[in-house]
Amino acid sequence: MGRTMITVGGAMMLVLGGTASAAPAVNDGYDWTMRVNEDRISDAILAYEVDGTDDQPLNFTCEQGGNRIFAGISGGSPDLTAIELVSGSAKLRVTGTTEVDEMPFFRSQEIAGGSPLIRAFAANGWLRMTAKGRAVDMAATATGRQAIARFVAFCTE
């Protein structure tokens with residue numbers, strides 16, 4: 001009897017724990033893609049995008065081994081000063097500045113490569129970004145998960 005209750009209790013914990021970090025569905029056509037800068041092979045970008053278009057709600061950039069990652073949003077609100085990123089139970093609010101030339105571009109303050117959010121993002125393969133009250137879920141395919149892992153390794157090793 002006691003053994004059954006432990007098993008049921010363990011199952012309940014798995015169900016409840018899984019709910020908090022359940023991955024959102026992959027958005028049609030979107031995926032995480034990593035590119036190394038052709039001019040400076042020590043820089044990389046990880047972008048959530050539709051291949052072959054300018055549709056890119058969020059990107060991350062870093063220098064190889066610098067352990068510093070920056071979030072960027074092109075074409076967002078010209079007065080954006082902060083975004084919230086969540087992956088599983090890890091949550092991070094990052095501030096930044098938006099420059100307005102031809103198109104507004106938000107660049108965050110640095111995010112530590114080993115931060116709980118970046119570790120959770122690499123493990124989970126997804127994150128939710130909220131900017132000015134609008135939330136966007138960004139889940140990876142299997143290929144996108146590999147790109148996330150390569151990017152985090154590139155930035156932190």
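What volume does the largest pocket have? That was my opening query, and the value came back as about 240 Å³. I should jot down straight away that I am working on a predicted model.

**Entry 1: the chain overall**

Before going further into the pockets, I looked up the layout. I found 3 helices and 10 strands in the protein chain. Reading from the N terminus, I get the order α-β-β-β-β-β-β-β-β-α-β-β-α. The chain has 157 residues, and 38% of them are buried. I also checked how far along the chain the contacts reach: among contacts with a separation of 6 or more, 54% join residues 24 or more positions apart.

**Entry 2: back to the largest pocket**

With its volume of about 240 Å³ noted, I asked for the lining and got 13 residues, with P57, I73, M129, A131 and R134 closest to the centre. Which elements give two or more residues to this lining? I found β9 (126-131) and β10 (134-139). By class, I count the lining of the largest pocket as 7 nonpolar, 3 polar and 3 charged residues.

**Entry 3: the second largest pocket**

Next on my list was the second largest pocket, with a volume of about 200 Å³. I see 15 residues lining it, and D43, T61, C62, E63 and F70 lie nearest its centre. Here the elements that supply two or more lining residues are β1 (30-36), β2 (43-50), β3 (58-63) and β4 (68-74). How do its lining residues divide by class? My note reads 5 nonpolar, 4 polar and 6 charged for the second largest pocket.

**Entry 4: α2 against α3**

I then turned to a helix pair. A reminder to myself: two packed helices are described by the angle between their axes and the distance between the axes. For helix α2 (residues 116-124) and helix α3 (residues 142-156), I have axes that come within 8 Å and cross at roughly 145°. The crossing of α2 past α3 is left-handed.

Which residues meet there? On the α2 side I list I118, F121, A122, A123 and N124, and on the α3 side R145, I148 and V152. By class, this contact has 6 nonpolar residues, 1 polar and 1 charged.

**Recap for my own use**

I am keeping two pockets on file, the largest at about 240 Å³ and the second largest at about 200 Å³. Beside them I have filed the helix pair α2 and α3, with its crossing of roughly 145°.

Key. Residues are numbered from 1 along each chain as its sequence is written. This is a predicted model: local features need pLDDT of at least 70, side-chain atom pairs count only at pLDDT 80 or more; totals for chains, interfaces and linings use all residues. Side-chain values use heavy atoms; hydrogens and water are left out. On a 1 Å grid over the protein atoms alone, a cavity is a set of points where a 1.4 Å probe fits but cannot get out, and a pocket is an open set with protein on both sides within 12 Å along at least five of seven lines; lining residues have an atom within 4 Å of a point. Grid points are joined across faces, edges and corners, and a volume is the space filled by probe spheres set on the points. Helices (H or I, at least four residues) and strands (E, at least two) are DSSP runs, numbered from the N terminus. Ala, Val, Leu, Ile, Met, Phe, Trp, Tyr, Cys and Pro count as nonpolar, Asp, Glu, Lys and Arg as charged, and the others, Gly among them, as polar. Axes are lines fitted to C-alpha atoms, for helices over the stretch in contact, and angles run from 0 to 180 degrees between N-to-C directions. A crossing is left-handed if the near helix is turned anticlockwise from the far one by less than a right angle, and right-handed if clockwise. Contact means heavy atoms within 4.5 Å. Buried means under 20% relative accessible area, exposed over 50%, partly exposed in between (1.4 Å probe, protein chains only).
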